[in-house]
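I opened this model to look up its cores, a few helix contacts and some single residues. The entries below are in the order in which I worked.

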Amino acid sequence: MIGTLATYQNIVRNLDRSLERIEAQPVVRRETDHYLANISKVTTIEEFVDDYRLFNYAMKAFGLQDMAYAKAFMVKVLEEGVEDPDSFANKLTDKRYAEFAKAFDFDRHGAGATTYNPAQTGAIDLYALAAKRDLIPAETQKAETAYYLQTIPTVTSAEGLIANERLYDYAIRAYGLEDRAGDPEFIRKLLAGGIEGVEALAKDEEEEPKLLAFVQAYNFAEYGESATTFTKAGDLAVGSYLRQTLEEDAGTQNEGVRLALYFERKAGGISNWFEVLGDRALGQVVRGALGLPDAFAQADIDKQVKFFESRLDIEDFKDPVALGKFLSRFAAMWEMNNPSSAASNPALVLFQQPEFGISQDVLLTIARMKS
C-alpha cells in the first residue's frame, strides 16, 4: 500500500478528478439529484428536519450525520441561527453547527432560507429601502425590480454586471454605493479582489461595511459564473457532500489520510485551541503530530490548551507552508504507529513536502459549551 502522506498528496493533486469520480457514483448521483430537485421546496425548519433524505444529505454535507437523529437539538440550532452571538450554535465550540445554521438560515431568511442568493433576494430587499429613502415612485421601483430579477441570474461576471446600466444602477443603489457609481474601474477592482481585498480599498471605516456587503452579494471572485445563482443550501451543501464522501472513501483505506484532509480543510478557520479540543478529529491530529497518547485527551482542558500553546503557534495553521510541515509530521507519526506498508520508511516522510485537502465526521459529545 502507498504511505499515508503519498496517498494524501495524490488525492489533493487530483482533487477535481477525485470529486468527479465521487459524483459519478450511482448512489451519490441519485441522492444529489433528489436533494437539488427538492431542497428549494422546503420553507420551514419542521419540513426540513422531517424530510429524512434531505435532512440526512444536509447533515452529512457538514459532517454531522452522527447527529441526524437529534432533531430537537438541530431544531434549536436552526431556530436561534447565528445572528445573535449568544445563540445556541454560536455557543457550541464545534463550529460545524454554526456553519450549518448559516447555510440553512431560517432564522434570518425564513421561507426563503433554502433559495436565498444575496445577489437576488438580498439586493431586492435593500433596493426597496433605498427606493423609500430616495422617494423613487412605486411603479418605477416595481419595474426595475422585475427587470433585475429576470436579468441578474444571467450575469456571469463582474464585467457583465457593470456593462448593464440598469442592473449596475440597481446594485449600486441597493448597497448604498452611489458615490462610487461613476467609477466602474473601482468596482471592477473591488469585485476582482474579493472579500479579502475590501479593507485595502475602503476609503474609511464607514465605507468598508458597504463594500464588504456588495462583494459578498456579487462574489464572482469566489463563486465565478454562478455568483448570481449560488445558494448555500444548494451549491454549498452539494459541494460539501461530495468532499465529505471523498474523505470517507479515503478513510476506508487509511484513516490517517482522512484525518489529514479534514484538518487541512478546517485549519484556516481555527481561532483557538478550545475549537481543536471540541472536535475529536482535530484533536487527534494535533496529539498525533506531537506524539501524545490518546489518554492525553482525558487531561484537564485548560492544561491541554496550555500544553499546545507551548508547543505550537495556532496562527501557523493559516500559513500553507507551516501547515504543510505540520501535516507532514502528522503523516509520518501516523505511519509509524499504523504502517500501511512494511516496505515504507516513515522517517523519510518527514522530509517530503505535503499539499492540501479535506474532512471527517466528529461526535457532539466533545462539543462543549464555552460562555
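These notes go through the cores, then helix α18 and its partners, then α8 and two loop residues.

Entry 1, the model. I am working with a predicted model.

Entry 2, cores. I looked up the largest nonpolar core and found 79 residues in it. The residues with the most contacts inside this core are F48, F100, F104, F263, F317 and F326. I took F326 from that list and asked which residues it is in contact with, beyond its neighbours within four places in sequence. They are F263, V285, V286, A289, L312 and F317. I also noted a second core, separate from the largest one, with 33 residues, A123, I152, Y168 and L177 among them. In soluble globular proteins, nonpolar side chains tend to be buried together.

Entry 3, α5 and α18. Two packed helices are described by the angle between their axes and the distance between the axes. I looked up both for α5, residues 52–61, and α18, residues 232–253: the axes come within 7 Å and cross at roughly 65°. Angles of 65 to 115 degrees count as roughly perpendicular, so α5 is roughly perpendicular to α18. The crossing of α5 past α18 is left-handed. On the α5 side I listed Y57, K60 and A61; they meet A237, V238, S240, Y241, Q244, T245 and E248 in α18. Sorted by class, this contact of α5 with α18 holds five nonpolar, three polar and two charged residues.

Entry 4, α2 and α18. I repeated the lookup for α2, residues 15–24. Its axis and that of α18 come within 9 Å, with a crossing angle of roughly 95°. That angle makes α2 roughly perpendicular to α18. From α2, the residues L15, S18, L19, R21, I22 and E23 meet L242, R243, T245, L246 and D249 in α18. I counted the contact of α2 with α18 by class as five nonpolar, two polar and four charged residues.

Entry 5, T245. This residue of α18 appears in the contact with α5 and in the contact with α2, so I checked it on its own, with its relative accessible area of 5% making it buried. What does T245 touch, not counting residues up to four places away in sequence? I found I22, Q25, V28 and K60. T245 and I22 are 223 residues apart in sequence, while their C-alpha atoms are 7.1 Å apart.

Entry 6, α8. I asked how many of the eight residues of α8, residues 96–103, are buried. Six are, and the helix is mostly covered. The buried ones are R96, Y97, A98, F100, A101 and A103. I listed what covers these residues, and the list includes α4, α5, α6, α7, α18 and α19. F100 is also one of the residues with the most contacts inside the largest core.

Entry 7, two loop residues. Is A70, in the loop between α5 and α6, buried or exposed? I read a relative accessible area of 13%, and A70 is buried. The C-alpha atoms of A70 and V49 are 9.7 Å apart, with these positions 21 residues apart along the chain as the separation. I then turned to L135, in the loop between α10 and α11. L135 is exposed, at 72% relative accessibility. Its phi is near 55°, a positive value in a residue other than glycine.

Terms used: Residues numbered from 1 in each chain as written. Predicted model: local features only at pLDDT ≥ 70, side-chain atom pairs only at ≥ 80, totals over all residues. Heavy atoms only, no water. Core = buried A, V, L, I, M, F, W, Y, C linked by side-chain atoms within 4.5 Å. Buried < 20%, exposed > 50% of the residue type's maximum accessible area, 1.4 Å probe, protein only. Contact = heavy atoms within 4.5 Å. Axes fitted to C-alpha atoms, helices over the stretch in contact; angles between N-to-C directions. Parallel < 35°, antiparallel > 145°, perpendicular 65-115°, else oblique. Left-handed = near helix turned anticlockwise from the far one by under 90°. Nonpolar A, V, L, I, M, F, W, Y, C, P; charged D, E, K, R; others polar.
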